[in-house]
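This report covers one helix, one interface and a set of salt bridges. Keep the structure open alongside the text.

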Amino acid sequence: MATVTPTAAPAATRLGPLFAGREFLWGALAVLLVLLVAIVGPWLAQDPAATTLDRRLLPPFSDGHWLGTDALGRDLWARIVTGLEWSIAVAVASTAIAALIGTVLALLAAERAGPVRTLVLQTVDAFLSFPGLVVAIAVIATVGHGYLPLVLTLGGLSWPVFARVIYAEASSLMQRDYVLAARLAGSSRTRILAGHVLPGVAPTLLVMLAFHLADMLVAESALSFLGLGAPLGEPSLGNMLAESRQYLYVAPWLMFVPACAIVLVVVSANLLGDGLTERLRGRARRAP
Amino acid sequence: MTGREPLLDADDLRVTFRPGGRELRAVDGVSLQVLPGETVALVGESGSGKSTVALALMGVHPLAGGRVRFEGRDVTAAGGAERKALRRRMQLILQDPYGSLDPRWSVARILAEPLVAHDVGTPEERAARVRELLGQVGLPLDALERRPPQLSGGQRQRIAIARALALEPRLLIADEPVSALDVSIQAQIVNLLLDVQRTRGTSLLVITHDIALVHHVAHRVVVMYLGRVVETGAVDDVILRPQHPYTAALISAVPARRAGGARQRILLPGEPPSPLEPPAGCRFHPRCPIARDRCRIESPPLAPAAGGGATACHFPGELGALPLARDERLA
């Protein structure tokens, strides 16, 4: 799993004046569009598993199959939207799991000194010292395929990214005078965490969610590419890419379509993350 | 001291930190009492441990020794519920109103929080109490929906005071309540605190380095140096006839009111020593203008002194007899 960089340079410097100051807008729009396609697309498209052997490897813009067909004559658009649905579902759920575990443990560690904090931080270090994808391959090879094992593995392995960043922020917030004032006023630990610390880390959390979503999508695609992600017969952006390799010279669109989809989602999510960073930083500047 | 039972009675407080395994005695045997309705000033320069005393009294720092009695009951020995009930009647106002209010919270929420935390009243009663508090600290009702970044420093400190008053404490501890504020605002906030004390009979423990403020507000003074009490007594005695050379030096540092006022300043050499390695004998001796051999060896206990107070000096009241160096820069 790639590292998260919430402080990445604003996209404006790379994407030109079109995006200057509007990363958030474009990113949000693109992410919404992708989500819409992933949710609504499969209902409207043809059966992604229906084979028509006399219409194999049709190029895009063919009659009845605007993105063409694959080696078994299956409609590429139907497969891409179903694959998108699967990949997004995996990315969203594993991001949610990672964020939940990471945030809860980070708040716990920030609030409690002593053995609890040491245990959490050491565990984070231990997790981060392994290459995530390799461990994920090992785990999935052991526990088996399927949506749930995949999501649990991805989430269960990538939470330390959240824990590390949220802990740093939360423990600095715990030092604030208003947290001391809340303690003096008699507020309980939970009230302080929920009322002062969690809202304080929320902007960072939001930004991380966007970047992590992109990371999880790439991770899912990589695992599916290796045959460890989506189960057999379930289209996913990764396994479509894997299948396309045999037809690279006769039907390159089989590779381009899922590859472009991956790039599109990842860029959208990153754009959204950049935009969020910019927005929330701007707000933080106005209200210190 | 009168025969009245003290509201707050801290006896031989000790707070020890261990930075990097070394022992730092931030508070080393401090005793102080606050009577009902009384204002006591705790004075000392930065690093003397006065804020640590406040946090120790509030139970934020664990005590390495000593006892805190409040309303005659031992806070340090009290169990969870009783302790919470006792702490409720002593409240601390923090120094910096820019840090002590969560910028994301509305004033209404900030003021209601102590009531919610202690489960006081219904939401309607709490809302009424919040409005009442706002009036007490002299802020208009339309401040309720504001957030701290929309308020000035003085307004923020008023909110902080209102928050401390929410639970109707019998003792208010104010840690440098005005030092983060503009000079023009300071008097207003001081008067607000005095007002609260007069109208509600609240006891006040004011922590400050500002001797001029002390003279204005306090009945009694406790002077701290490097984690220990060096002098205590009624405010007029201490200010007009300081027994300890450190107190005398602090008082002489207050700028004269008249231009060219012939005030003699006692210049202390050097900085306060590190509390990690306090000097042997009297802790003040390396900077003391009247230190003698005995001071380098023997630590003076806090003993009754002329004027009814107490001082920790082997040679109390002697400083005034010495020819003092005139500060040429002021002349």
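**A helix in chain B**

The model is predicted. Helix H6 of chain B covers residues 183-200. Its 18 residues, at 1.5 Å a residue, should span 26 Å, and the end C-alpha atoms are 26 Å apart, so expectation and model agree. Which residues of H6(B) are buried? They are Gln186(B), Ile189(B), Val190(B), Leu192(B), Leu193(B), Leu194(B), Val196(B) and Gln197(B). After H6(B) comes Gly201(B). The phi of Gly201(B) is positive, near 70 degrees.

**The interface of chain A and chain B**

Contacts link 16 residues of chain A to 24 residues of chain B. Between them the two chains bury about 1600 Å². Carbon and sulfur atoms give 60% of that area. On the chain A side, Tyr178(A), Leu184(A) and Ala185(A) supply 34% of the area buried against chain B. No other three residues supply more.

The polar side of the interface can be counted too. There are 7 residue pairs in polar contact between chain A and chain B, both residues being at pLDDT 80 or more. Two helices of chain A, H7 (177-184) and H8 (189-225), each supply at least two residues of the side that touches chain B. H7(A) gives the most, with 6 residues. By class, this side of chain A has 8 nonpolar, 5 polar and 3 charged residues.

How many salt bridges cross the interface of chain A and chain B? The rule finds 1. Glu113(B) and Arg191(A) form it, with the closest N and O atoms 2.8 Å apart. Arg191(A) lies in helix H8 of chain A, and Glu113(B) lies in helix H3 (residues 107-117) of chain B, so the pair joins two chains. Are these partners buried or exposed? Arg191(A) counts as partly exposed, because its relative accessibility is 33%. Glu113(B) is at 7%, so this residue counts as buried.

**Salt bridges in the whole structure**

A search over all chains finds 29 salt bridges. Three of them are set out here.

| Pair | Closest N to O distance |
|---|---|
| Arg189(A) and Glu111(A) | 2.9 Å |
| Arg191(A) and Glu113(B) | 2.8 Å |
| Arg89(B) and Glu71(B) | 2.6 Å |

Take the pair within chain A, Arg189(A) and Glu111(A). Arg189(A) lies in helix H8 and Glu111(A) in helix H3 (residues 76-111) of chain A, so the salt bridge ties together parts that are 78 residues apart in sequence. Arg189(A) has 45% relative accessibility and therefore counts as partly exposed.

Next comes the pair within chain B, Arg89(B) and Glu71(B). Arg89(B) lies in the loop between helix H2 (80-88) and strand S6 (90-93) of chain B. Glu71(B) lies in the loop between strand S4 (65-70) and strand S5 (73-74) of chain B. The pair therefore ties together parts that are 18 residues apart in sequence. Arg89(B) has a relative accessible area of 24% and is partly exposed. Glu71(B), at 23%, also counts as partly exposed.

Chain B also holds a network of salt bridges. Its linked residues are Asp12(B), Arg14(B), Arg18(B), Glu23(B), Arg25(B), Asp28(B), Arg228(B) and Arg283(B).

Conventions:
Residues numbered from 1 in each chain as written. Chains lettered and ligands numbered in written order. Predicted model: local features only at pLDDT ≥ 70, side-chain atom pairs only at ≥ 80, totals over all residues. Heavy atoms only, no water. Helix = DSSP H or I, 4+ residues; strand = E, 2+ residues; numbered from the N terminus. Expected span 1.5 Å × (residues − 1). Buried < 20%, exposed > 50% of the residue type's maximum accessible area, 1.4 Å probe, protein only. Contact = heavy atoms within 4.5 Å. Buried area = accessible area lost by both parts, 1.4 Å probe. Salt bridge = Lys/Arg side-chain N within 4 Å of Asp/Glu carboxyl O. Polar contact = N/O pair within 3.5 Å; in protein donor to acceptor, adjacent residues only side chain to side chain. Nonpolar A, V, L, I, M, F, W, Y, C, P; charged D, E, K, R; others polar.
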